[in-house]
Amino acid sequence: MSYASPVKAALGRIAFVTGAGQGIGRAIACRLARDGYDVSIADIPPAKAKVDDVIKEIESYGRKAIGVYADVKDAKQIHSAIEETVDRLGPRLFVSVANAGVTQVKPLLECTPEFIENEVRINILGLMNTHITAAKQMVKQGLGGRIIGAGSIASYRTAVNLSPYGATKFAVRGFTEAAAKEWAQYGIRVNAYGPGIVDTPMWDHIDRELAKIEGISVGEAKAKRVKNDILLGRIQEPEDVAKLVSFLASDEAEYITGQTIKTCGGASL
Ligand SMILES: NC(=O)c1ccc[n+]([C@@H]2O[C@H](COP(=O)([O-])OP(=O)(O)OC[C@H]3O[C@@H](n4cnc5c(N)ncnc54)[C@H](O)[C@@H]3O)[C@@H](O)[C@H]2O)c1
């Protein structure tokens, strides 16, 4: 496999990625490293072994990587994680990816306030905390930057049994627009990626929960949706999402801001 990347970052630039211990976040962190960034991998403490593994992979590309631990729900922890990032890697934070998110699966009439609050606090408050803290650092540095968040095809069309999730992802689209308007003056572009059905532990979880609700066997809910919904004929790999993020971070996307861009093999059509 060739690790050559068509997109080259200026050496010494730093990327910060939340939820980067596995799944889409891991693929984004590794792709940005191949593009030339040193990478700060943010996740929660139980993900430490996975974070160590991502660090090893990034170091194999000849880039620096560190693990920092923060729950995105807590603005103070995100502040400390970004502070630690620039202390250890240098004051050149150029890309921040608010990727961490969760999906909970339940019919709306069974969702308790606590259940809903957890999802809102991670998926949208966590993204706001991450974006604002990163933007403050970028404004202080005066070098501009790229702020990127995890949307979804659910940012445009919600799904049954995933209603609070869909609402948080609609909110990501709204916040992406709003932040882009405020931060263009600092040379900061703000965008979001909108994946479809990506082969990560998150979709394994969705599949197991849908199987219970729909009375089908494990694996069937995912297989059915991949077959019926994805026009390009295969499940999405995390690397497919990382390609879009690499593009949005690059100068090739210099005229794009405030957008939530779907990458879903046609699943949203
Ligand atoms: N998998 C998909 O099909 C899909 C589709 C559209 C959008 N997305 C979005 O992409 C993002 C990543 O999805 P994924 O499939 O890789 O998920 P995943 O569940 O496989 O990985 C999520 C990562 O986030 C971390 N995390 C969870 N809660 C956290 C918190 N409070 N603070 C910090 N880190 C936390 C986890 O430890 C894990 O490493 C999510 O925002 C998700 O909503 C995923």
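**Ligand shell and nonpolar core of a predicted model**

Trainee: Which residues come nearest to the ligand?

Mentor: The model is predicted: local features need pLDDT of at least 70, side-chain atom pairs count only at pLDDT 80 or more, and totals for chains, interfaces and linings use all residues. Residues are numbered from 1 along each chain as its sequence is written. A residue is near the ligand if its C-beta atom, placed from the backbone, lies within 6 Å of it. Of the 29 residues around the ligand, those that come nearest are G19, G23, G101, A150 and M202.

Trainee: Which helices each supply at least two residues of the shell around the ligand?

Mentor: Helices are DSSP runs of H or I with at least four residues, numbered from the N terminus. The helices that meet this condition are α1 (23-34), α4 (113-141) and α6 (201-214).

Trainee: Which residues touch the most other members of the largest nonpolar core?

Mentor: A nonpolar core is a set of buried Ala, Val, Leu, Ile, Met, Phe, Trp, Tyr and Cys residues joined through C-beta atoms within 7 Å; buried means that 20 or more other C-beta atoms lie within 10 Å of a residue's own. This core has 69 residues, and α1 gives the most to it, with 7 residues. Those touching the most other members are A15, V17, I28, A29, V39 and V245.

Trainee: With which residues is V245 in contact, leaving aside its neighbours within four places in sequence?

Mentor: Contact requires C-beta atoms, placed from the backbone, within 7 Å. Under that condition, the partners of V245 are I28, R31, V97, I148 and Y193.

Trainee: What percentage of the 269 residues of the protein count as buried?

Mentor: In soluble globular proteins, nonpolar side chains tend to be buried together. For this protein, the buried share is 46%.

Conventions. Buried ≥ 20, exposed ≤ 12 C-beta atoms within 10 Å, placed from the backbone. Contact = placed C-beta atoms within 7 Å.
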